[in-house]
Amino acid sequence: MANIVIVFHSGYGHTQRVAQAVADGAGAQLLAIDADGNLPEGGWETLAAADVIIFGSPTYMGGVSWQFKKFADASSKVWYTQGWKDKLFAGFTNSATINGDKVTTMTYLWTLAMQHSGIWVSMGILPTNNKAATRDSTNYIGGYGGLLTQSPSDASPAEIPRGDLDTARSFGERVAAVARSRG
């Protein structure tokens, strides 16, 4: 079984709830970036031991949160030694609107993985894009490069649409399956 770690920042609890759903599907460990942009003690060692790293950040103002960016910038020490080379990577983001310029956040997460010479795992889940689709349908938002979820700005983390959480679990299962196939 692959050692999968989800490193994420969550400002209001929504991204943390999505991270937990991905972890449930992947059998992954959560590693939260704190409000100051730091990992807990032993966090860098946890990532070094991981076979798979899944990035998660809310989309704020068209990009990752500053706390996630601080973590990413700090990862340049790992980059210099290519410590994460050939690990599997994947990513997800949550924002208050359906679009919210999530693609720029996903592009940032993908680019960070590529900077580390990683191998990216895409969604692998077709969107539900027919007239019968509802917010409780899987991959309703239609992500391909990674998991996209949405929670209205006045909604609590408990109110994230069921379809997004189901998609998050399925995404975690896919990442774990790809990791198992590597062997």
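**Close-up 1. Surroundings of S151 in the predicted model.** Leaving aside the neighbours of S151 within four places in sequence, this serine is in contact with H14, N94, S95, A96 and I160. With one of these residues, N94, the contact includes a polar one, in which the side chains of S151 and N94 are joined at 2.9 Å. S151 belongs to the loop that runs between β6 (147–150) and α6 (162–182). Because buried means under 20% relative accessible area, S151, whose relative accessible area is 3%, is counted as buried.

**Close-up 2. The stacked pair of W44 and W84.** The structure holds nine aromatic pairs, and one of them is formed by W44 and W84, which are stacked with 6.3 Å from centre to centre and 20° between the planes. W44 is part of helix α2 (residues 43–49), whereas W84 sits in the loop between α4 (76–81) and β4 (88–95), so the pair ties together parts of the chain that are 40 residues apart in sequence. The two partners fall into separate accessibility classes: W44 is partly exposed, with a relative accessible area of 31%, while W84, at 1% relative accessibility, counts as buried.

**Close-up 3. The edge-to-face pair of F55 and F71.** The ring centres of F55 and F71 are 6.4 Å apart and the ring planes stand at 65°, so this pair is classed as edge-to-face. F55 is located in strand β3 and F71 in helix α3, and the pair thereby links distant parts of the chain, 16 residues apart. Both phenylalanines, F55 and F71, are buried.

**Close-up 4. One aromatic cluster that takes in both pairs.** W44, F55, F68, F71, W84 and F89 form one aromatic cluster. Within this group, the ring planes of W44 and W84 lie 20° apart in a stacked arrangement, whereas those of F55 and F71 are at 65°. The cluster includes W84, a buried residue at 1% relative accessibility, as well as W44, which is partly exposed.

**Close-up 5. A nonpolar surface patch around Y60.** Y12, Y60 and M61 together make a nonpolar patch of about 450 Å² on the surface. Y60 is placed in the loop between β3 (52–58) and α3 (66–74). The relative accessible area of Y60 is 31%, so this tyrosine is partly exposed; patch members need over 30%.

Technical notes. Residues are numbered from 1 along each chain as its sequence is written. This is a predicted model: local features need pLDDT of at least 70, side-chain atom pairs count only at pLDDT 80 or more; totals for chains, interfaces and linings use all residues. Side-chain values use heavy atoms; hydrogens and water are left out. Patches are made of residues with over 30% relative accessible area and no salt bridge: like charges are joined within 9 Å, nonpolar side chains (Val, Leu, Ile, Met, Phe, Trp, Tyr) within 5 Å. Accessible areas come from the Shrake-Rupley method with a 1.4 Å probe; for residues, only the protein chains shown count as cover. A salt bridge is a side-chain nitrogen of Lys or Arg within 4 Å of a carboxyl oxygen of Asp or Glu. Helices (H or I, at least four residues) and strands (E, at least two) are DSSP runs, numbered from the N terminus. Buried means under 20% relative accessible area, exposed over 50%, partly exposed in between (1.4 Å probe, protein chains only). A polar contact is a pair of N or O atoms within 3.5 Å; within protein, one must be able to donate a hydrogen and the other to accept it, and residues adjacent in sequence count only if both atoms are side-chain atoms. Contact means heavy atoms within 4.5 Å. Rings of Phe, Tyr and Trp (its six-membered ring) pair if their centres lie within 6.5 Å; planes under 30 degrees apart count as stacked, over 60 as edge-to-face and the rest as tilted.
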